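Hi,

Here is the structure I promised to pass on to you. Have it open while you read, and turn it around as you go through my notes below.

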Protein chains: 2
Amino acid sequence: MAPPAALEVEAVTDTTGVTIPDPLKAPVPKSNDIRGRRKKADKAQWGVAAPSDSANFRQGNYDDKPLARRWDHYISDEAHTRKGNNLKKAAGFLGKPGIISLGGGLPSSEYFPFEELSIKVPAVGKFSEQETKESGVILTAGKHDLAEDKAIFDIATAFNYGQGTGAAQLLRWITEHTEMVHNPPYQDWRCTMSIGSTSGLDMALRMLSRPGDMMLSEDYTFAAAVECALPLGVRMCGVPMDSEGILPDAMDEILTNWDVADRGARKPHLMYTVPTGQNPTGATASGARRRAIYKVAQKHDIYIIEDEPYYFLQMQPYTGSDGPNPPPPASHADFIKALVPSYLSLDTDGRVMRLDSFSKVLAPGSRIGWVTASAQIIKKYQQHADLSTQGPSGFSQLALWKLVDEHWGHGGYLDWLIHIRLEYTTRRNIILGACEKYLPKSIVRWNPPSAGMFHWLDIYAYKQHPLWDEKRKNVEEIEERIFMKIIDEGALLMRGSWFYADPSQKHDTLFFRATYAAAPGEKIEEGVRRLGEALRREFGVKE
Amino acid sequence: MAPPAALEVEAVTDTTGVTIPDPLKAPVPKSNDIRGRRKKADKAQWGVAAPSDSANFRQGNYDDKPLARRWDHYISDEAHTRKGNNLKKAAGFLGKPGIISLGGGLPSSEYFPFEELSIKVPAVGKFSEQETKESGVILTAGKHDLAEDKAIFDIATAFNYGQGTGAAQLLRWITEHTEMVHNPPYQDWRCTMSIGSTSGLDMALRMLSRPGDMMLSEDYTFAAAVECALPLGVRMCGVPMDSEGILPDAMDEILTNWDVADRGARKPHLMYTVPTGQNPTGATASGARRRAIYKVAQKHDIYIIEDEPYYFLQMQPYTGSDGPNPPPPASHADFIKALVPSYLSLDTDGRVMRLDSFSKVLAPGSRIGWVTASAQIIKKYQQHADLSTQGPSGFSQLALWKLVDEHWGHGGYLDWLIHIRLEYTTRRNIILGACEKYLPKSIVRWNPPSAGMFHWLDIYAYKQHPLWDEKRKNVEEIEERIFMKIIDEGALLMRGSWFYADPSQKHDTLFFRATYAAAPGEKIEEGVRRLGEALRREFGVKE
C-alpha cells in the first residue's frame with residue numbers, strides 16, 4: 001500500500017476563480033493534495049449504508065451565489081409521486097447511544113466470503129501497460145479496515161447494502177473533482193453517483209418528460225439516447241449542426257416557431273446534448289458556442305441534459321500531418337484551463353444536469369458515473385435510485401476509491417487524464433494522417449476532431465454515385481451500398497443514418513463514423529486504406 | 001490460484017428428475033464437478049461484449065417440454081416499442097475473417113489502469129471469517145488472461161463494455177445453477193443477469209403493467225416493492241395471509257369478485273410474491289401451498305413475479321428451545337431436496353418471472369442478481385437493460401466468477417449455502433430462545449420462521465393497551481406508542497404498518513418485525529429483553 005500522502009497544499013488560482021492544487025509544479029507530485037483541506041468527518045459517515053450529502057464535501061463558499069431555479073413544472077407525475085423510503089426513517093433513531101437494532105435487514109458481513117480485495121495499478125507518472133506490469137502498485141482493502149482504523153473504506157462496508165447516492169467515501173472525491181474542474185456558479189449544486197450515463201439518461205427522462213414530448217438534440221446523435229427515449233414516448237427533434245454541434249440560431253428558430261399541431265407535441269423543454277467529442281460527429285462546442293446555446297435555453301426555458309463521457313478526451317491542437325507537436329499542459333491548472341468550459345460551469349440558473357462517467361477514462365466495466373445538478377433534481381434522482389438501480393457496485397466503488405482517492409489523489413488522477421489526452425492525440429493523428437494519405441478527396445471530406453473517439457466522414461459527393469436517383473433522393477440506399485462495399489474490402493464503419501435524431505425526417509447528407517479508440521495504429525491505417533479502396537471502386541474514381 | 005479441478009463427474013438423480021452432481025459423497029469435494037459436461041464453446045464466446053444466450057448453457061434436453069405461453073397481451077407499450085439496438089446489427093459483420101473494425105466505440109483496454117484484480121476467499125469447507133483469514137485462497141485475474149490462454153475471463157474483457165445479459169462466463173454458471181436447483185418444466189426458459197432484484201422489479205413492472213393497475217401481493221409486503229410500484233401508478237392489492245403467506249381461497253375470491261368500478265382498476269394480471277422467508281412476515285409457503293396458488297394463477301391468468309432473495313436461507317427444522325439439533329443435509333442432493341419447491345420449478349406455463357440475488361448469500365454490494373423467465377420476457381428484459389442499467393459491474397462479475405466458477409464450482413457453492421443455512425439456524429434459534437425467555441406471552445405471539453432473516457411478532461392483545469379506543473380503532477397510534485417505548489428501552493424494531501401492501505386499507509392487526517441477521521447473538525438476546533421490558537411497561541403487565 002502507498003504511504004500516506006503529505007498534507008501540504010500548494011495551490012494556484014486560475015482565471016475563473018477556482019483554486020486548484022498544483023502538484024505538477026512541485027518536483028514530486030503530491031498525489032493527495034486536497035486532503036489537508038478536507039473537513040473532518042465523523043467516523044459514522046463512513047459506516048454501512050450511511051447517508052451522505054455531497055454539500056458537505058464541497059470546499060468552496062457558495063453563500064453569495066444564486067439558488068437554482070425550481071423545476072416543479074417539468075417534473076413528471078412518476079417523480080412527483082416518489083417519496084422517501086419509509087424504513088429509512090427508522091435509521092434516524094440509530095444515533096441513540098447504546099441502541100440495539102433488530103430493525104434493518106442488512107446481512108452481517110460475517111457471511112461475505114471475501115477477506116481482501118486487491119488491485120494492481122499504475123504508480124503516478126508510470127501509466128503505460130508495460131510500466132504498470134513492472135512497477136505497478138498493489139492496493140489492498142481488508143474486510144474490517146474501518147473498524148480496525150486502517151482505512152475509511154473496506155469490504156464490510158462497500159460489499160453491504162448502500163445508499164442510492166453511492167458511498168460517502170467515493171462521493172466525496174467525486175464532489176471535490178467536480179468542484180475543481182467545473183466550479184458550478186450557483187449555490188445548491190449537488191452530486192450523486194449513477195450506475196453509468198445510459199441509466200442516467202433513462203432516469204432523467206422518467207423524471208423530466210412525459211409521453212408525447214419532443215426533446216432537442218444534435219441532428220445526428222447518440223443512437224442509444226434515441227432508443228432510450230422512444231419507448232418512453234419521447235421523440236428527438238434534431239437541430240441543424242456544424243463542426244461545433246448545435247447551431248444556436250437554428251435552435252432559437254425551431255423553438256420560436258414551434259407549432260404544436262404540426263409537430264404533434266408541446267414545445268420542447270428538454271435538450272439532450274453531447275457537447276464535447278460528440279457521438280457520432282466528433283463535434284466539440286467552443287466556450288462561445290456554449291454560451292450562445294445557454295442563452296437560447298434561458299430564453300425558452302430549456303432544461304439541458306449535458307452528457308459528457310468524452311470531456312477528458314480533449315486532445316492537443318491538430319497542426320497538420322507533419323506539423324509540430326504542441327507542448328502538453330505544463331501543470332494541472334494549465335490542463336484544466338485548456339479544457340473547453342462545460343455547461344455546468346456556465347450554469348447560473350441550475351438548468352443543467354451533467355452526466356459524467358468513468359467509462360472512457362478508467363473502465364466502462366466499473367459501471368460508475370455521476371450526476372451533477374441542483375439539489376431538487378439530485379434528490380429526485382436519489383429517490384429513484386433507492387428504489388431501482390441502487391448505488392453502483394461496492395466492488396467497483398471500493399476499487400475506484402482505492403485508486404483515485406487513497407493512491408493517486410486528485411493530482412495523480414489529473415496526471416492520468418493528461419496521459420490519456422496524449423494517447424488519444426496520437427491515435428487521432430494516426431487516423432487523420434491515414435485519411436489524408438488514402439481517401440479520395442473528391443468524394444469525402446472531414447474536420448479534425450478535437451475531442452472524443454470519433455472521426456466523422458462526410459461523403460459530400462454522394463450524388464456522383466452511379467446509382468444516385470435525383471427524383472427519389474435515395475441517400476440511404478447509396479449509404480447501404482457503400483457500407484457493404486467497405487465490408488467487402490475488409491473494414492467496418494458505422495452508417496451515419498443509424499444516428500439520425502429523428503429517423504422520420506428526410507436527410508440530404510451522407511456520413512460514416514470511424515473510431516480511432518480501439519484498434520492499434522497499424523490496423524487503423526490499414527482500415528482507412530481499405531475504406532479508400534471501397535470509395536474509389538464504388539464511385540469509380542481513380543484519384 | 002487453485003489448481004484446475006478434476007473433470008470426473010459423480011452424479012445422483014433426485015426424485016424430480018434433475019441430475020445433481022454430488023461431490024459431498026466423495027471423500028474430497030470436487031468443486032468443479034459440472035465442468036466435464038459443459039459444451040465446448042468457441043473462444044469468441046468469451047470476448048469483449050460478446051452476445052450470449054443462456055439456452056446454450058443448459059445441460060438438459062427440453063425438446064419434449066411445452067413452450068411457454070405468450071404474454072403479448074400484458075406487455076406494456078413501452079416494452080412493445082423497445083427494439084434491438086441499431087449499432088449491434090453491425091456486430092454481425094465482425095465474423096468476417098480479417099475484418100478491421102473502425103466501428104464500435106469501445107475504449108482500448110490499454111487505457112484501463114488495472115493490471116490485476118485479486119480476492120482472498122474461503123477454501124471449500126473452511127468458511128468462517130477466522131478460517132478464511134488463516135487459510136483463505138487468493139484468486140487473481142490478470143489483464144489479458146484470455147488472450148494469453150490463462151483463463152476465459154479477465155480484466156480486458158470484464159472491465160470493458162458488456163451486454164445487458166451480463167458476461168457469458170458468469171451467465172453460464174448462473175444458468176447451470178438455476179437448472180440444477182429449479183429444473184424449469186417448460187422448453188424455452190432463459191436467464192439474464194440483473195443489477196439486483198430491486199431493479200429487476202422496477203423493470204418487470206415497466207414491462208408488464210400500466211398506470212392504474214393493481215397487483216396482488218401478500219397483505220404485508222416488502223415496503224420497497226410498494227414504493228417502487230406506486231410512482232408507476234400501480235397499487236398493491238393485499239391478499240389475506242397466514243404463516244405460509246397468501247391464502248389461495250382468498251386470492252381466488254378477490255379475483256372472482258373483482259369489481260372494476262369499485263376498485264378503480266382493471267382485474268389484476270400480476271402477482272408479486274416473496275414465497276420464502278417473506279419480508280416482513282417470515283412466512284414460507286409449502287410446496288402444497290404453492291401448487292394451490294399456481295392453480296389460482298392459472299384460473300385467472302395471473303403472471304407471477306417470484307422475488308426470492310431468501311430462498312437459500314431456509315433453515316433446519318425448529319425443534320424447540322431445548323429440542324435436538326436435526327442433522328444437516330448429508331449431500332448436495334439432500335440439501336436441494338430439502339428446499340421448498342420454487343414457483344419456477346412448478347411453472348409449466350412459463351408464467352413466472354423469478355428474481356434471484358446474490359445479496360443475501362454472497363454480498364449485497366456485488367449488485368448482481370438474475371432473472372429467469374420465458375424467452376419472450378427475457379428478451380424484453382435484456383432490451384431494456386441494454387438501454388438503461390446495462391449488465392452488472394464487470395468488477396463484480398469477474399470477482400464472483402473467480403469465486404463461484406473457477407474456485408468453488410457448483411459443489412463448493414452448495415457447501416457454502418449449507419454453511420449459511422446452519423449459521424442462520426443458530427441465529428434464528430437464539431432469537432426464538434430469547435423471545436420465549438423475555439416476552440410477555442399474554443401480549444405477543446409468533447411462529448418460528450423457517451427461512452429468511454425476519455421474525456414477525458404479533459401483538460395480538462393490542463386492544464388491552466390503556467390507550468386503545470374501540471370507537472376509533474386506533475391501531476397505528478398504539479403501534480407508534482409501542483415503537484417509541486421500545487426505542488426508550490434501547491432497541492429498534494420495524495413497525496408492521498410500514499409494510500402494508502395497501503396503506504389506504506384499514507388493518508386490525510398489529511405487528512413488529514425483528515431481524516436476527518445482523519446483530520451478534522448476545523445483542524439479539526439483549527435487544528429482545530429490552531423489547532420485553534417495553535411491552536410490559538406499555539401494557540402494564542407483570543408477567
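Before we start, one thing about reading records: UniProt positions appear here in the numbering used for this model, feature names are shortened, and annotations may be inferred rather than shown by experiment. Also keep in mind that this is a predicted model.

**What the record says**

UniProt, in an unreviewed entry, puts the feature "domain: Aminotransferase class I/classII large" at residues 152-531 of chain A. Over that stretch, the chain is 41% helix and 14% strand. Its end C-alpha atoms sit 53 Å apart.

**A sheet shared by two chains**

Now for a sheet that takes strands from both chains. Its four strands come in the order E5(A)-E4(A)-E4(B)-E5(B), it is open, and the pairing is antiparallel. Which strands stand at the edges? They are E5 (137-142) of chain A and E5 (137-142) of chain B; each has a single partner strand, so one side of each has no neighbour in the sheet. On average, neighbouring strands here are turned by 15 degrees against each other, ignoring direction.

Where the chains come together in this sheet, E4 (residues 116-121) of chain A and E4 (residues 116-121) of chain B run antiparallel and are joined by five bridges. If you want a spot to click on, try A:Leu117, whose bridge partner in E4(B) is B:Ile119.

There are helices to look at here too. In chain A, helix H14 (residues 394-407) lies across E4 and E5 of that chain, at about 50 degrees to E4(A). In chain B, helix H14 (residues 394-407) lies across E4 and E5 of chain B, running at about 50 degrees to E4(B).

**A three-stranded sheet in chain A**

Next, find the open sheet with the order E15-E18-E17 in chain A, where the pairing is antiparallel. E15 and E17 (494-495) are its edge strands, each with a single partner strand, so each has one side without a neighbour in the sheet. Five bridges hold the antiparallel pair of E15(A) and E18 (residues 511-515) of chain A. One residue to look for is A:Leu457, which has A:Phe512 as its bridge partner in E18(A). Helix H15 (residues 409-438) of chain A lies across E15 and E18, at about 20 degrees to E15(A).

Follow chain A on from strand E15 (454-458) and, in the loop before helix H16 (475-489), you get to A:Asn474. Is A:Asn474 buried or exposed? It counts as buried, because its relative accessibility is 5% and the cut-off for buried is under 20%. The side chain of A:Asn474 reaches the backbone oxygen of A:Leu467 at 3.1 Å. Beyond its neighbours within four places in sequence, A:Asn474 is in contact with A:Leu467, A:Trp468 and A:Asp469.

**A covered strand in chain B**

Over in chain B, take strand E13 (residues 352-357): six of its six residues are buried. On one side you have B:Val352, B:Arg354 and B:Asp356, and on the other B:Met353, B:Leu355 and B:Ser357, so both faces are covered. E13(B) runs parallel to strand E12 (residues 303-307) of chain B, with four bridges joining them, and B:Ile304 stands opposite B:Val352. Four bridges also join E13(B) to strand E14 (residues 369-374) of chain B, but these two run antiparallel. There, B:Asp356 stands opposite B:Trp370.

**Two prolines and some cysteines**

B:Pro248 lies in helix H8 (residues 248-256) of chain B and is buried, at 14% relative accessible area. Not counting residues up to four places away in sequence, B:Pro248 touches B:Arg289, B:Ala292, B:Ile293 and B:Val296.

B:Pro440, by contrast, is in a loop, between helix H15 (409-438) and strand E15 (454-458) of chain B. B:Pro440 counts as buried, with 0% relative accessibility. Apart from neighbours within four places in sequence, B:Pro440 is in contact with B:Gly532, B:Leu535, B:Arg536, B:Val541 and B:Glu543.

How many disulfides does the structure hold? Zero, over all chains. For B:Cys228, the nearest cysteine sulfur is that of A:Cys228, 17 Å away. B:Cys228 is buried at 3% relative accessibility, and B:Cys435 is buried at 1%.

Cheers

Note on methods: Residues are numbered from 1 along each chain as its sequence is written. Chains are lettered from A and ligands numbered from 1 in the order in which they are written. This is a predicted model: local features need pLDDT of at least 70, side-chain atom pairs count only at pLDDT 80 or more; totals for chains, interfaces and linings use all residues. Side-chain values use heavy atoms; hydrogens and water are left out. Two strands pair if DSSP finds at least two bridges between them. Axes are lines fitted to C-alpha atoms, for helices over the stretch in contact, and angles run from 0 to 180 degrees between N-to-C directions. Contact means heavy atoms within 4.5 Å. Buried means under 20% relative accessible area, exposed over 50%, partly exposed in between (1.4 Å probe, protein chains only). A polar contact is a pair of N or O atoms within 3.5 Å; within protein, one must be able to donate a hydrogen and the other to accept it, and residues adjacent in sequence count only if both atoms are side-chain atoms. A disulfide is a pair of cysteine sulfur atoms within 2.5 Å.
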